[in-house]
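Reader: I'd like a close look at one part of this model, the place where protein and RNA meet. Could you walk me through that, and then show me a few other spots worth a look?

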Amino acid sequence: MLDPKLLRNQTTFVAEQLSRRNIVFNVEAYTQLESKRRELQVKTQELQNERNTRSKSIGKAKAAGENIQPLLSQVAELGDALKAAEQSLAEVQAELEQLIQGLPNLLHASVPDGRNEDENVEIRHWGEPTVFDFEPKDHVDLTHGKGMDFETGAKLTGSRFVVMQGGIARLHRALTQFMLDVHTQHHGYEEMYVPYLVNQDSLFGTGQLPKFEEDLFKLQHDNEYYLIPTSEVPVTNLVRDEIIEAKRLPLRFTAHTPCFRSEAGSYGKDTRGMIRQHQFEKVELIQIVHPEQSWEALEELTGHAENILQRLELPYRVMLLCAGDTGAAAAKTYDLEVWLPGQGKYREISSCSNTQDYQARRMQARWRNPETQKTELVHTLNGSGLAVGRTLVAVLENYQNTDGSVTIPKALRGYMGGCKKILEK
RNA sequence: GGAGAGGUGGCUGAGUGGUCGAAAGCACCGGUCUUGAAAACCGGCGACGGUUUACCCCGUCCCAGGGUUCGAAUCCCUGCCUCUCCGCCA
């Protein structure tokens, strides 16, 4: 959520910034609503003040043993006027809240203009696309009949589900363990286990609700629970409604969870293989930091995700998302794209964002500044470290051999019981 | 699933209709003392919002949402959560 004060005091500036995201912010309508709010609030508070003052004098008179009847009759009309004022104020406030809660974050100055992913900018790359002396297969052909089974996934549930078997299932698990170990042992993150079902408050805090409900799976249950679309939701919300001591910052959490996405609106997109599933595993990186350190933290966090790809010796590039492709909560986002020989393309495998105080304000996640003794909003960052399913695809496709087998990357062999190759005949 | 007890400031914990935004303690901040530190003592110390150059002042908030009342932390209703005991269960 944007700072309401910023919106109020620098409305045209905010509107200009929002136009970078192709959002037309109606300054005049907002200004009118805001001045209406001000007017109603002053009026309501005056009435409340009067009620409080009179009630107190009634209390005093009663304590003094005086007759309070005349005082009571004086207050009679006040109640209705106050109730009416309170109600219209609540309506205007609700309207304003809805308006401001729907606005995305302001973009960092370094974010390039652009409408969609075609205008993202490559910042750097690592390694070169893998060279084969044969025609490389994609992961679907490579694993067909050998342990990656989309037909059975569809039988059990529906489209965009998979069943994995044997060495592939093990490799998938090995990747998860490997990622968690690297982040906890080398990058200073603390491993967390969190719920996979969350309530609306949590989804509001990280910004999925109210605007992006159609992307979520909602449970048919008395409680309004949702399956998490990413562990960013439960992990970031750990600090919701908390005031954190300065010396505890930065907080660095990592968690492995399944993620569930409805993929509404992506019909016909990536229908083949494991790239876009309704259920996938992800190892997430979350940082809760001092506001002045979030930009530095974004570079670090991105580096932590990159480190996984480097250890796996997978070629990738780092993309800076343009204005039109940056998510609503983020002020700036780097995507990591891994080389997929089967597609002959780089594909997103991680997304690392600094949301600054956007989520923190929605969550009321604060820290106490020792200099001022006041509470201030923290900054929150998140990034995939990495999407496990897509990493599995990347390993399979980049490490395939001409006989259809797949060599296990050196970094993973310890997690595979020393196994060097899978899918051998 | 059955029975009971609770949800109050950063934390612990008083407060059952009238200057209660709320005792006390801890933590924290400032000061006195001390060579320094600790202890002791003195003082300060909730969040959010409105107005204001600022001070002040005002409003809202004692789990959430309704209700009763001139007036609610306190009474009533609903929901959520926590704890204890019993039952069931991975």
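Author: Let's begin at a base: a polar side-chain atom of Gln-45 sits 3.4 Å from a base nitrogen of RNA strand B, which makes a polar contact (a pair of N or O atoms within 3.5 Å; within protein, one must be able to donate a hydrogen and the other to accept it, and residues adjacent in sequence count only if both atoms are side-chain atoms). Before going on, bear in mind that this is a predicted model, where local features need pLDDT of at least 70 and side-chain atom pairs count only at pLDDT 80 or more, while totals for chains, interfaces and linings use all residues. Residues are numbered from 1 along each chain as its sequence is written, chains are lettered from A and ligands numbered from 1 in the order in which they are written, and side-chain values use heavy atoms, with hydrogens and water left out.

Back to the RNA. The backbone gets its share too: an N or O atom in the side chain of Asn-52 is 3.2 Å from a phosphate oxygen of RNA strand B, and for the side chain of Thr-375 the distance to a phosphate oxygen is 3.5 Å. Of the strand's atoms within 4 Å of the protein, 74% belong to sugar or phosphate, and the rest to bases.

Which residues come closest to RNA strand B? They are Arg-8, Arg-38, Gln-48, Arg-51 and Ser-55, out of 23 that surround the strand; a residue counts as near if one of its heavy atoms lies within 4 Å. Helix α3 (27-63) gives the largest share of that surface, 13 residues. Also supplying at least two residues each are α4 (69-75) and β13 (366-368). Helices here are DSSP runs of H or I with at least four residues, strands are runs of E with at least two, and both are numbered from the N terminus. By type, the surface splits into 6 nonpolar, 9 polar and 8 charged residues. For that split, Ala, Val, Leu, Ile, Met, Phe, Trp, Tyr, Cys and Pro are nonpolar, Asp, Glu, Lys and Arg are charged, and the others, Gly among them, are polar.

Now for Ser-202, in helix α9 (residues 200-206). Ser-202 counts as buried because its relative accessibility is 8%; buried means under 20% relative accessible area, exposed over 50%, and partly exposed in between (1.4 Å probe, protein chains only). The side chains of Ser-202 and Arg-240 share a polar contact of 2.8 Å. Setting aside residues up to four places away in sequence, Ser-202 touches Val-233, Asn-237 and Arg-240, where contact means heavy atoms within 4.5 Å.

A couple of backbone oddities round this off. Most residues other than glycine have a negative phi, and most peptide bonds are trans. Yet the bond from Leu-249 to Pro-250 is cis, with omega near -5°, and Pro-250 sits in the loop between β7 (243-245) and β8 (251-260). Another cis bond joins Gly-385 and Leu-386, with omega about 15°; Leu-386 belongs to strand β15 (residues 379-387). As for phi, Asp-270 has a positive value near 50° and is buried, at 18% relative accessible area. Glu-313 also has a positive phi, about 55°, but counts as partly exposed at 43% relative accessibility.
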